[in-house]
Amino acid sequence: MFKPYYPHISTALLNNNSVTYLNLSNNTVDKNNAYILGKILFSNTTLKNLVLENSKLKDLAVQHITEGLKSNNCLSYLSLGSNKIQIKGVKCIANIIVGNNTIKPDIYTKYNPNYNIYCYK
């Protein structure tokens with residue numbers, strides 16, 4: 001999905017003032033797409049829910065996404081279930097949960113190979 005359409009989606013999200021829910025589940029979000037998504041999350045002030053289940057996310061992709069969340073004070077729900085997240089990615093998620101008070105309950109990963117993590121704030 002991202003290859004041909006992502007430039008249009010990313011431009012729209014950068015200029016977004018109305019989209020509050022984005023579900024990119026079942027699409028491949030590689031490290032390059034995650035980098036762009038992290039940049040979007042850094043500046044987006046409207047998106048409240050982001051669902052990335054079964055997106056083949058790996059640790060580096062998670063790191064890019066969480067970099068964008070460091071200054072995001074709008075997103076309240078992030079779903080990362082059924083991905084390929086390992087311990088490095090889990091640590092990135094944990095750091096965001098601890099360091100960002102505006103990200104509210106239900107940031108979780110489920111059905112990742114070695115970790116079933118449910119984090120509630």
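Colleague: In this predicted model, what covers the buried residues of α3?

Modeller: Helix α3 spans residues 59–69, and its buried residues are Asp59, Ala61, Val62, Ile65, Thr66, Gly68 and Leu69. The elements that cover these buried residues include α2 (31–43), β3 (77–79) and α4 (87–99).

Colleague: How is α2 oriented relative to α3, roughly parallel or roughly antiparallel?

Modeller: Two packed helices are described by the angle between their axes and the distance between the axes. Here the axes of α2 and α3 come within 7 Å of each other and cross at roughly 10 degrees. Because angles under 35 degrees count as roughly parallel, α2 is roughly parallel to α3.

Colleague: How many nonpolar residues does the contact of α2 with α3 have?

Modeller: On the α2 side the contact is made by Lys31, Ala34, Tyr35, Leu37, Gly38, Leu41 and Phe42, and on the α3 side by Leu60, Ala61, His64, Ile65, Gly68 and Leu69. Sorted by class, these include one charged and three polar residues, while the number of nonpolar residues is nine.

Colleague: Which helix supplies the largest share of the largest nonpolar core?

Modeller: This core has 26 residues, of which Leu50, Leu52, Leu57, Ile65 and Leu69 touch the most other members. Leu52, for instance, touches residues including Leu37, Leu57, Ile65 and Leu78, leaving aside residues up to four places away in sequence. At least two residues of the core come from each of α2, α3 and α4, and the largest share, five residues, is supplied by α4.

Note on methods:
Residues numbered from 1 in each chain as written. Predicted model: local features only at pLDDT ≥ 70, side-chain atom pairs only at ≥ 80, totals over all residues. Heavy atoms only, no water. Buried < 20%, exposed > 50% of the residue type's maximum accessible area, 1.4 Å probe, protein only. Helix = DSSP H or I, 4+ residues; strand = E, 2+ residues; numbered from the N terminus. Contact = heavy atoms within 4.5 Å. Axes fitted to C-alpha atoms, helices over the stretch in contact; angles between N-to-C directions. Parallel < 35°, antiparallel > 145°, perpendicular 65-115°, else oblique. Nonpolar A, V, L, I, M, F, W, Y, C, P; charged D, E, K, R; others polar. Core = buried A, V, L, I, M, F, W, Y, C linked by side-chain atoms within 4.5 Å.
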